[in-house]
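Student: Hi! I'm new to this one, could you walk me through it?
Tutor: Happy to, let's have a look together.

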Amino acid sequence: MTTQTATEAMAAVRTRESGDRPRVRRRRDGVHIGLTVWGILVFAFLFLPILVMLVYSFNTGRLLATWQGFGLDAYVNAWANPVIRSSVVTSLEAALGAAVLSTILGTLGGLALARSKARTSWVLWATLLLTITLFTPEIVDAVSMLPWFVSLGTDFGIGVFSNGLVRLVVAHAVLSVAVVTFIVRARMQGMDEALEEAAADLYAPPLKRFWQITLPVASPAIWAGALMSFTLSLDNTIVSSFVQVPGSTPWPVYIFSSLRVGLRPEIAAVSAVMFVLTLIALAVVAFVLRRSGASTEEMAKTLASA
Amino acid sequence: MTTTATASPIGGEHLDGEGVDGRRAAPGSAPRRRRPLRSRISGTTVAGFPTWAFVLFFFIVPLALVLWYSFGYKPDLFSAHANDKLSFDRYAEALDATFLGTFLNTLRIGLLGTAICLVIAVPFAYWLAVKLRPQYRALALALVLVPFWTNFLVRTLGWQIVLSPQGFLSDALQGLGIIHGNLDVLYTQAAVQLGVVYNYLPLMILPLYVAMDRAGQPLREASADLGANRVRTFLQVTLPLAAPGIASGCLLVFIPLMGDYVTASVLGGAQGNMVGQLVASQFNTAQNWALGSAMAVLLMLFIAAAVVVVGGATLIIRFLVRRSRRVDLTKGAAA
């Protein structure tokens with residue numbers, strides 16, 4: 001379903017770009033104004049809590065929600081707090097690992113799905129499998145992965161699964177592999193196979209074909225997928241709180257557990273920094289995608305339809 | 001599957017050649033012969049094998065394990081589960097008044113939240129896809145994505161500050177004389193409702209936008225040319241064509257919402273008991289994996305049932321509406 005939307009989005013953009021229909025007259029009447037006002041209100045709604053968090057990160061008070069004065073204390077304190085630092089580092093490490101793992105797996109999966117006959121039974125099974133992972137409530141993922149990691153680590157003696165970071169990486173990759181797969185599939189389905197065939201006709205061996213043709217063509221989708229899985233991993237709270245091991249608490253779980261003891265402005269400060277980092281990551285990916293020739297709108301839609 | 005993996009390099013080249021031939025043949029021509037298995041599995045097909053194996057091993061196997069645990073029991077205080085006697089007792093135990101009450105509460109929040117998201121997102125997506133000037137559209141889409149990419153716990157905490165009784169909104173509303181006394185929304189059902197609508201709104205907007213965009217200007221113009229006014233064009237052209245987007249948006253909002261308990265515990269406090277919390281506490285605090293597993297299985301079944309019921313009802317309503325206002329063009333043609 002998600003892939004369909006992505007493919008269609010790209011098709012829609014293409015028709016619009018190539019079409020030379022006369023531009024329709026845009027009416028500026030009550031309906032138009034009403035919709036515009038609604039749009040602006042929705043944006044205000046979407047950004048209100050984020051702006052509030054950014055502002056309150058400069059709160060010098062002891063508690064986050066009670067404003068006392070303006071200052072950078074929260075940033076300084078957050079930097080000096082080893083628990084906060086280690087949780088942020090854990091989060092970034094897990095996100096990076098999960099992004100790499102799910103991007104590799106998702107790219108392979110997406111290519112396999114795009115390049116095989118749509119009605120083959122294994123394609124349907126694989127699609128079904130991935131769709132189920134997308135539509136399982138997170139709490140169910142969480143309670144099923146915890147016992148499995150415990151069994152793998154202790155009963156089967158595979159010690160690596162007792163490592164908190166490995167658990168986080170694997171669990172987050174499970175949650176995002178379907179997203180990457182579907183983005184890559186959408187991109188490759190929209191692409192003509194003639195390029196690969198031409199390479200084959202010119203006697204390029206399969207691996208060379210893959211590195212020099214398939215991968216560059218798929219790269220916008222791969223980058224988009226990597227970014228998606230990176231942010232999904234940074235965002236993840238429920239599954240992380242289950243599979244984590246003491247000593248490798250990721251950042252959202254740290255916030256969640258400090259809810260009970262009272263929230264301090266340091267949380268807002270770190271969140272503000274991470275917000276800026278996310279924007280930078282977005283911009284980098286947008287830059288990469290643009291260099292590979294995607295239009296801005298197509299790009300936004302590739303990301304949107306995930 | 002394993003044998004095909006070892007045979008991949010040769011098999012891969014072989015089929016890629018065949019694939020070219022297959023495409024050169026006229027489309028939809030003679031019935032295809034079933035080729036031997038090895039030539040039907042190409043290099044790219046095998047490429048997906050690690051992915052399916054990964055998902056099977058780290059997703060399906062754990063799910064199956066939960067299903068298996070749900071038939072067991074908690075033997076004593078110090079073990080989480082035992083499966084030497086199998087029964088449906090945990091399901092009977094799980095379906096007590098607390099679980100059902102919490103589930104119904106969660107269901108209400110979920111359905112209402114999905115409906116509110118839909119009501120907010122339909123005009124918004126329409127504005128984005130139809131009314132907004134194309135040069136601003138990419139920026140607007142990016143702006144929708146930014147909150148989606150901010151940590152959702154952090155966004156929810158932002159609402160906690162906004163709604164807090166001593167917060168600025170409370171002061172402002174009191175200053176304007178709209179409310180008397182402190183704002184009393186935080187830690188109520190209303191706050192939970194607001195929080196989930198906020199957190200899942202982008203997931204509704206994006207598929208709706210894509211779907212409305214696909215409905216396309218030519219069709220709307222055609223509808224206008226045929227004499228339909230704007231309301232009618234919207235109701236009979238844009239909206240029906242956006243239906244798949246609406247359906248996927250509703251699923252993308254409803255299903256994660258039903259399993260979410262973080263939003264509720266931040267904004268609802270003691271009032272925010274969602275069913276996900278019950279499942280979690282069986283694993284975290286009660287250490288009763290058998291009962292927790294049964295609850296998790298029930299949660300999935302109930303969500304699936306809710307989707308089927310609501311989806312079915314929507315389809316029936318759509319069918320009835322279409323039937324009641326269809327202009328029958330096929331009557332003459334069918335003869």
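Tutor: We can talk about confidence, the contact between chains and a pair of helices; keep in mind that this is a predicted model.

Student: What is the mean pLDDT of chain A?
Tutor: It is 80 for chain A, and 84% of the residues of chain A reach 70 or more.

Student: Which elements of chain A have the lowest and the highest mean pLDDT?
Tutor: Helix α1 (residues 2-18) of chain A has the lowest, at 44. The highest, 92, belongs to helix α4 (residues 82-114) of chain A.

Student: And where in chain A is the pLDDT below 50?
Tutor: Over residues 1-24 of chain A. That stretch still has 34 contacts in the model beyond near neighbours in sequence. Where pLDDT is low, though, the predicted coordinates should not be read in detail.

Student: New topic: how many residues does each chain bring to the contact between chain B and chain A?
Tutor: Chain B brings 82 residues and chain A brings 78. On the chain B side, helix α5 (residues 49-69) of chain B gives the most, with 13 residues.

Student: What classes of residue are on that side of chain B?
Tutor: There are 53 nonpolar, 20 polar and nine charged residues on the side of chain B that touches chain A.

Student: How do α7 and α14 of chain B pack?
Tutor: Helix α7 (residues 97-131) of chain B and helix α14 (residues 243-259) of chain B pack at an angle of about 145 degrees, their axes 9 Å apart. The crossing of α7(B) past α14(B) is right-handed.

Student: Which residues meet there?
Tutor: Among them are Gly110(B), Gly113(B) and Cys117(B) from α7(B), and Gly249(B), Val253(B) and Phe254(B) from α14(B). By class, this contact of α7(B) with α14(B) has nine nonpolar, five polar and no charged residues.

Technical notes
Residues numbered from 1 in each chain as written. Chains lettered and ligands numbered in written order. Predicted model: local features only at pLDDT ≥ 70, side-chain atom pairs only at ≥ 80, totals over all residues. Axes fitted to C-alpha atoms, helices over the stretch in contact; angles between N-to-C directions. Helix = DSSP H or I, 4+ residues; strand = E, 2+ residues; numbered from the N terminus. Left-handed = near helix turned anticlockwise from the far one by under 90°. Contact = placed C-beta atoms within 7 Å. Nonpolar A, V, L, I, M, F, W, Y, C, P; charged D, E, K, R; others polar. pLDDT = per-residue confidence, 0-100.
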